[in-house]
Amino acid sequence: MLVLGAGVAGLVAAKELRARGHDVLVLEASQRIGGRIWTHRFEREGRVFHGELGAMRLPVSHRRVFDLIDQVGLTPKLRPFLSVFQGKGGRLDCAGQRFGFGQLPAGLSLPEWPLAQGLDPAARRFLRRLALLVTVMAPREVRDLAFPQMNGDFLAAVQRHLAAAGPEADFAEPGAILAGLEAVRGRINQAFHLFLSDILLKAAEPLFQLAGGADQLPLALAARCGAEIRLGTEVMALELIPGGVMVQVNREGVAETYQAAQVICTIPLPVLRRMPVAGLDAQTRRRLAGMNYAGATKVLLFCAERCWEADGAHGGASFSDRLLRQVYYPHNQDFAGREGVLLASYCIGADAAPIAVLPADERVAAVRREAARLHPALARDGMVLDSISIDWTAHPWTLSACSTDWDPGMQQMVQDAGAGPGEAEEPQAWRCGGLVLAGEHCSRAKAWVEGAIASGQDAAAMVACPEPALTV
Ligand SMILES: Cc1cc2nc3c(=O)[nH]c(=O)nc-3n(C[C@H](O)[C@H](O)[C@H](O)COP(=O)(O)OP(=O)(O)OC[C@H]3O[C@@H](n4cnc5c(N)ncnc54)[C@H](O)[C@@H]3O)c2cc1C
C-alpha cells in the first residue's frame with residue numbers, strides 16, 4: 001500500500017493500515033517528517049530553545065489529537081498553552097494606540113466600524129468590543145465580510161439580547177460575547193460565524209501544547225507506525241489505470257515508477273493541482289479546483305532575554321492592526337536561562353502578503369521594529385541572537401498554509417452552527433478509483449491537526465474496506 005506525504009494525515013493513515021496488517025510504504029518529498037507540524041530549534045552553548053513554524057496549539061475539544069498523543073505515549077508532555085484570553089500582559093496595538101487586552105480606550109477610532117448611531121450605551125460597548133476583536137484578530141478576508149454584518153437585524157438582535165441579559169452582563173468577557181452572539185445566529189454570514197466559532201471560540205477554550213516541540217507527535221507516529229518512510233522522494237505525476245494507480249517520482253534525482261492497487265494521497269491540493277494527474281473523474285476534479293487556500297507567515301526571534309516578561313507578558317498573545325498581526329509569548333517551556341523564543345509575528349490569509357513579499361532579512365528587521373513598539377527592549381543591540389521566518393505560500397511542498405472556507409460564498413447566512421443533516425456522516429477522505437485523497441483539506445476541521453487525523457483515519461478505513469469489484 002502506498003501513502004503519499006509524511007504529514008500527520010499520511011502517518012495516521014499508515015499507522016491504521018499497518019494495524020490492519022497491510023504493508024505500507026510512505027513517500028515524502030522533503031527530508032523531514034511532519035509537513036505543517038514543524039518545530040525549529042535554536043542552540044546556544046549546548047542548550048536548545050524551540051519555536052513552532054507550523055501548528056502549535058491544541059484545543060481541548062479536539063479529542064482525536066489527544067487520543068493520538070496518548071497512543072504514542074506523549075501525554076506526559078502536554079502542557080497548557082495560554083491563549084490570548086488566559087495569558088498575562090498581552091496588548092493591543094490598534095488605530096495607533098497601545099493598550100491592555102481587556103481595555104477599550106474611549107477615543108479609539110475603528111476605521112471600519114460601520115455602527116449605527118443612536119444605540120444605547122450597553123449595545124455600543126458590546127459592539128465596540130466586538131469590532132475591536134474583529135479588527136485585531138480576524139484575517140482581512142474574514143474582516144471584510146464580517147464588518148458589513150454589524151448593522152440592521154444584527155444590531156436589533158444585539159439590543160434585544162442585551163435588554164434580556166440585564167445591566168450586570170460583562171461584555172468584556174469572550175464567553176459573554178459568545179453567549180450574546182448565540183442570539184444573532186441567522187443574522188450573520190459564514191465569515192462572521194467562522195470568526196466567532198473558529199477564531200474567537202478556539203482562542204477562548206482551553207488549549208494545550210507539547211513541551212519540547214509539536215514535531216514530537218509526527219516523529220513518534222513515524223517511529224511507531226511500522227511503515228517504511230522514504231524521504232527525498234517527490235511525487236511528480238499520478239495516473240489512474242485499470243486496477244490501480246501509477247506514481248511517478250523523483251527520488252534524489254532518479255526517476256522511479258511505483259504502481260499500487262490503492263494509493264492514499266495526502267499531498268496538499270495547491271501542490272497536487274500543479275501535478276499531471278490523469279484519469280480523475282469530473283467530481284474529483286471539481287473538488288480539487290474548488291478548494292480555497294490561505295497563506296500564512298511566521299517570524300521567530302531567538303532573544304538573549306525574555307524581555308517581554310519585564311513588560312508583564314507571560315504566555316498569551318498581543319495583537320496589532322499593523323504588519324505583525326499576532327505576537328505569541330512562550331509559556332511552560334523548560335527555560336534553562338534568560339533566553340527565549342518569541343513568535344514575533346504570525347499572519348494569516350491576506351494579512352500574510354505584506355510580510356511574505358519581503359526578503360527574509362528585511363522581513364525579520366521589519367518585524368523586529370514593529371514588535372519593539374510593544375516591547376522596546378527588542379530593539380537593543382545583542383537582544384536578538386538569531387531568527388527564522390517562513391512564508392508557507394512559498395514552501396514547495398505546501399504552496400499555502402491551510403485550506404479555508406473564506407471566499408465570497410461565505411456571504412451565505414448561517415442559521416445553525418452544527419452540521420447539516422447527514423453531513424456528519426460524510427467520510428473525510430475522497431475516493432476516485434484506486435486513489436484516495438486525504439489531508440486536512442478533506443476534513444471538517446480544516447486548518448487543524450484534528451482534521452488531518454480524522455482524514456487519515458477515514459482514508460485508511462476506505463482502503464481497508466475496498467469498494468466491491470465491478471462485475472458486468
Ligand atoms: C502556520 C500554521 C499554523 C498552524 N497552527 C495550527 C495549530 O495551532 N493547531 C492545529 O491543530 N493546526 C494548526 N495548523 C494546521 C495543521 O498544521 C495542519 O492542518 C496539519 O498539519 C496538516 O496535515 P496534513 O497531513 O493534512 O498535511 P501536511 O502536514 O502538509 O502533509 C503533507 C505532506 O506531503 C508532502 N508532500 C507535498 N508534496 C509532495 C510530493 N509532490 N511528493 C511527496 N510528498 C509531498 C509534504 O512535504 C508533507 O510532509 C497550522 C498550520 C500552519 C501552516
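Modeller: A helix is a DSSP run of H or I with at least four residues, a strand is a run of E with at least two, and both are numbered from the N terminus. This is a predicted model: local features need pLDDT of at least 70, side-chain atom pairs count only at pLDDT 80 or more, and totals for chains, interfaces and linings use all residues. Residues are numbered from 1 along each chain as its sequence is written.

Biologist: Which helix gives the largest share of the shell around the ligand?

Modeller: There are 40 residues around the ligand (near means a C-beta atom, placed from the backbone, within 6 Å of it). Helix 1 (8-19), strand 12, strand 18 (296-303) and helix 13 (449-464) each supply at least two residues of this shell. The largest share, four residues, is that of helix 13.

Biologist: Which residues come nearest to the ligand?

Modeller: The candidates are the 40 residues around the ligand. Those that come nearest are G5, G7, G35, W397 and G439.

Biologist: What is the order of the strands in the open sheet of three strands?

Modeller: Strands pair if DSSP finds at least two bridges between them. Strand 5 (58-59) and strand 6 (78-80) are the edge strands, each pairing on one side only. Strand 10 (residues 207-210) is joined to strand 5 by two bridges and to strand 6 by three. With antiparallel pairing, the order is 5-10-6.

Biologist: Which residue in strand 10 stands opposite P80?

Modeller: P80 belongs to strand 6, which covers 78-80. On the strand 5 side, L58 stands opposite F208. The residue opposite P80 is F208.

Biologist: Is R57 buried, partly exposed or exposed?

Modeller: R57 is in the loop between strand 4 (47-52) and strand 5. A residue is buried with 20 or more other C-beta atoms within 10 Å of its own, exposed with 12 or fewer, and partly exposed in between; C-beta atoms are placed from the backbone. Because R57 has 19 C-beta neighbours inside 10 Å, R57 counts as partly exposed.

Biologist: Which residues does R57 touch, not counting those up to four places away in sequence?

Modeller: Contact requires C-beta atoms, placed from the backbone, within 7 Å. R57 and F81 are 24 residues apart in sequence, yet 6.4 Å apart in space, C-alpha to C-alpha. The residues R57 touches are F81, L207 and Q209.

Biologist: How many bridges pair strand 12 with strand 13?

Modeller: Strand 12 (residues 233-241) and strand 13 (residues 244-251) pair in the antiparallel sense. One of their bridges joins L238 and V247. They form a hairpin with two residues between them, and G243 in the turn has a positive phi of about 85 degrees. The number of bridges is eight.

Biologist: In the hairpin of strand 13 and strand 14, which residue takes a positive phi?

Modeller: Strand 13 also pairs with strand 14 (residues 254-260), in the antiparallel sense and over seven bridges. N250 has A255 as its bridge partner in strand 14. Two residues lie between the strands, and the one with a positive phi, near 50 degrees, is E252.

Biologist: Which residues is A13 in contact with, leaving aside its neighbours within four places in sequence?

Modeller: A13 lies in helix 1, which spans 8-19. Some of its contacts, A459 and A460 among them, fall in the range 449-464 of helix 13. The full list is V3, I264, A438, G456, A459 and A460.

How values were computed
Contact = placed C-beta atoms within 7 Å.
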